[in-house]
Amino acid sequence: MAGSIHPTTALIFAGVLAALYAFTAALMVAVAWGSGWRALARRYPFSGEEPTGLTYLARTRVGWIPYEGRAGADERGLYLRPYPRSPFQWTHPPVLIPWADVATVRTEPSYGGLLARFELADGSAVTLRPPTFERLKAALEAAGAPIVVG
């Protein structure tokens, strides 16, 4: 019959699609664990209202993995969330790190502006890359973040 797809071809195609989906899901889980995002999400789960004045296209780094998404700061703490419509949305829940758990925020010059490293009480760190730190600096200072210029 002209124009029909052989059942074996359809099964192979479906199998390749399923394998691709499974590989992508496994990769996202591995990135979440390897970077330390899952540990952050367990310690600092977020629910409720996002901070006002969110910075979109926020450039952050958790562990050794760079992320882009949303970042914000208010009196509660530092809010981070990868883009909601990315593959990361299922494996990287939003986090809100309370200021009480931020030991210091060290800044240093970097290509494109200041880089800010949030050193947490447990020894882990989150980095805001330029220009994200500059966009959030006023909100961070108003919230009382312990910023150390270095």
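Start by selecting strands E1 and E7, which pair in the antiparallel sense over 3 bridges. Keep in mind that you are looking at a predicted model. For a landmark along this pair, pick Thr 60: its bridge partner in E7 is Leu 128.

**Along E7**

Stay on E7 and show its side chains. Which residues point which way? Ala 125 and Thr 127 go to one side, Val 126 and Leu 128 to the other, and all are buried. That fits a general pattern: in a regular strand the side chains alternate between the two faces of the sheet.

Now add E6 (113-120). E6 and E7 pair in the antiparallel sense over 4 bridges, and Glu 119 stands opposite Ala 125 of E7. The two strands make a hairpin with 4 residues between them. Click on Gly 123 in the turn and you'll find a positive phi of about 95°.

**Back to E1 for an oddity**

Next, pick Leu 57, which lies in strand E1. This residue has a positive phi of about 55° although it is not a glycine. Is Leu 57 buried or exposed? At 54% relative accessibility, over the 50% cut-off, it counts as exposed.

**Zoom out to the sheet**

Select every strand now. The sheet is open, has 8 strands with mixed pairing, and runs in the order E4-E3-E2-E1-E7-E6-E5-E8. At the edges you'll see E4 (95-98) and E8 (147-149); each has a single partner strand, so one side of each has no neighbour in the sheet. Going from one strand to the next, the twist averages 35°.

For the E8 edge, select E5 (residues 102-110) as well: E5 and E8 pair in the parallel sense over 3 bridges. Arg 106 is a handy marker here, with Val 148 as its bridge partner in E8.

**Through the loop to H3**

Follow the chain out of E7. Pro 131 sits in the loop between E7 and H3. The peptide bond from Pro 130 to Pro 131 is cis, with omega near -5°.

Then comes helix H3 (residues 132-143), which lies across E1, E2, E3, E5, E6, E7 and E8 and runs at about 95° to E1. H3 has 12 residues and reaches 16 Å from its first C-alpha to its last, close to the 16 Å expected at 1.5 Å a residue.

Which residues of H3 are buried? They are Thr 132, Phe 133, Leu 136 and Leu 140. These four cover an arc of only 80° around the axis, which is why they end up on the same side of H3. Look at the other side of H3 and you'll find Ala 138 and Ala 142 exposed. Just after H3, Gly 144 takes a positive phi of about 85°.

**Last stop: the core**

Finish by showing Leu 128 with its surroundings. Leaving aside neighbours within four places in sequence, its contacts include Thr 60, Leu 80, Phe 118, Phe 133, Leu 136 and Leu 140. Arg 59, Leu 78, Leu 114, Leu 115 and Ala 116 are also among them.

Leu 128 is also part of the largest nonpolar core, which has 27 residues. To see where the contacts inside this core are most numerous, select Leu 40, Leu 80, Trp 99, Phe 118, Leu 128 and Leu 140. The largest share of the core, 4 residues, comes from E2. As a general matter, in soluble globular proteins nonpolar side chains tend to be buried together.

How values were computed
Residues are numbered from 1 along each chain as its sequence is written. This is a predicted model: local features need pLDDT of at least 70, side-chain atom pairs count only at pLDDT 80 or more; totals for chains, interfaces and linings use all residues. Side-chain values use heavy atoms; hydrogens and water are left out. Two strands pair if DSSP finds at least two bridges between them. Axes are lines fitted to C-alpha atoms, for helices over the stretch in contact, and angles run from 0 to 180 degrees between N-to-C directions. Contact means heavy atoms within 4.5 Å. A nonpolar core is a set of buried Ala, Val, Leu, Ile, Met, Phe, Trp, Tyr and Cys residues joined through side-chain atoms within 4.5 Å. Buried means under 20% relative accessible area, exposed over 50%, partly exposed in between (1.4 Å probe, protein chains only). The expected span of a helix is 1.5 Å times one less than its number of residues. The arc is that of the directions from the helix axis to the C-beta atoms.
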